[in-house]
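The exercises below concern enclosed space and the residues around it. Please work through each task before reading its solution.

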Amino acid sequence: MWQVIYALLPAAGLGLYVYGAPALLVLASCLAGALAGEGLGLLLWRRGRPLLDGSALLSGLLLALTLPPGLSPGWAFLGGAAGLLLGRQLLGGLGLNLLNPALCGRLVIALAAPTALQGAWLKPFWWREGGWFAAAPTVADPWPLVRETHQLLRRLTQGEMPALPASWPAGERLDLIRHAQDLLAAVDSGQLFWPRLPGLLGEASLLALLPGLIWLFTARLVDWRIPAAALLVLVAALLAAPGEAAGLGLDLALPLRGCGLLLLLCVFASDPVTTPLGQSAKLCFGLMVAAGCLLVLLAGGSTSGLFWVVLAAGLATPWLDRLLLPRGPR
């Protein structure tokens, strides 16, 4: 548990630097909520396990990495407490939970406060203008705007004159094409390495996330089969139909959400408790997650949708083990 926490600290630390004091409040609230939910569960079900063994703190950290950094600390605390109490302790405690507690906590927040979750994004380095403890100007998830702009640009370059959003300036078709290109200029491969658009707390940069992931694989804390199978399918799908992928905006979704997708596949989808045990079952699980993520990206690429894919795939873990786990002699 502690080694996984240490591996994710660089990504969390960079997220705090990029998004300032609100991100620190979200992280602290998630950790406090996770400890509160775990402690209450241990008390109610009389499970004699140390509260500070690292499992609750890891779940709180993972939840914080999946949240927009401008979220209200109250909702972050609720997500941490509900995720551990309902997603782990209610299901039997550590090692017996079928669903990932951090993703359960995010689901609770999404159901209880969808508007608060959607409008809690922050511009990177906003604090340089207003100060570290100034009121943070929250914005919406940039991906819907990016996708809409990309689709409008394609139609404009094909000679059409589609209906424009109210925020767009009036002008000739060439002026509108330039406006769309200016809006999309920040979304390229550089977004993976240094944030220029709002993102989740844990997807600030691949440079901060990758060293921890490499450590998890080299230390054999994470099995390579699930992320390898998932990434293979995603890359094959993009290479097989590059024109269709570009038309659907996948060429923009991967730079904008690539770090979050990598975190999802290498950490959440590879959780040893909620994923299958057998090697072939792990490969099948990775293929299922990849297919679900691809469908979400094709359908619109919502950030929450990618997490729900892994949460739902966990329900198939017992069936995959039952079908594919090698059985010894009776």
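**Exercise 1.** Which helices each supply at least two residues of the lining of the second largest cavity?

*Solution.* The model is a predicted one. Begin with the lining itself, which consists of Leu200, Glu203, Arg257, Gly260, Leu261, Leu264, Thr303, Leu306 and Phe307. Assigning these residues to helices shows that α13 and α15 (303–313) each supply at least two of them, and that α13 gives the most, with four residues. By class, the lining divides into five nonpolar, two polar and two charged residues, and the space inside amounts to about 50 Å³.

**Exercise 2.** Describe the largest cavity by its volume, its lining and the element that contributes the largest share.

*Solution.* The count comes to three cavities of 30 Å³ or more, and the largest cavity holds about 60 Å³ of space. Of the 13 residues that line the largest cavity, the closest to its centre are Gln191, Gly199, Glu203, Leu256 and Arg257. The largest share of this lining, five residues, comes from α13, while the composition by class is eight nonpolar, three polar and two charged residues.

**Exercise 3.** Is Arg257 buried or exposed, and with which side chain does Arg257 form a polar contact of 2.9 Å?

*Solution.* Arg257 is found in helix α13, which spans residues 250–268. Its relative accessible area is 4%, and because buried means under 20%, Arg257 is classed as buried. The polar contact of 2.9 Å joins the side chain of Arg257 to that of Glu203. Beyond four places away in sequence, the residues that Arg257 touches include Trp121, Asp141, Trp143 and Thr303.

Key
Residues are numbered from 1 along each chain as its sequence is written. This is a predicted model: local features need pLDDT of at least 70, side-chain atom pairs count only at pLDDT 80 or more; totals for chains, interfaces and linings use all residues. Side-chain values use heavy atoms; hydrogens and water are left out. Buried means under 20% relative accessible area, exposed over 50%, partly exposed in between (1.4 Å probe, protein chains only). A polar contact is a pair of N or O atoms within 3.5 Å; within protein, one must be able to donate a hydrogen and the other to accept it, and residues adjacent in sequence count only if both atoms are side-chain atoms. Contact means heavy atoms within 4.5 Å. On a 1 Å grid over the protein atoms alone, a cavity is a set of points where a 1.4 Å probe fits but cannot get out, and a pocket is an open set with protein on both sides within 12 Å along at least five of seven lines; lining residues have an atom within 4 Å of a point. Grid points are joined across faces, edges and corners, and a volume is the space filled by probe spheres set on the points. Ala, Val, Leu, Ile, Met, Phe, Trp, Tyr, Cys and Pro count as nonpolar, Asp, Glu, Lys and Arg as charged, and the others, Gly among them, as polar.
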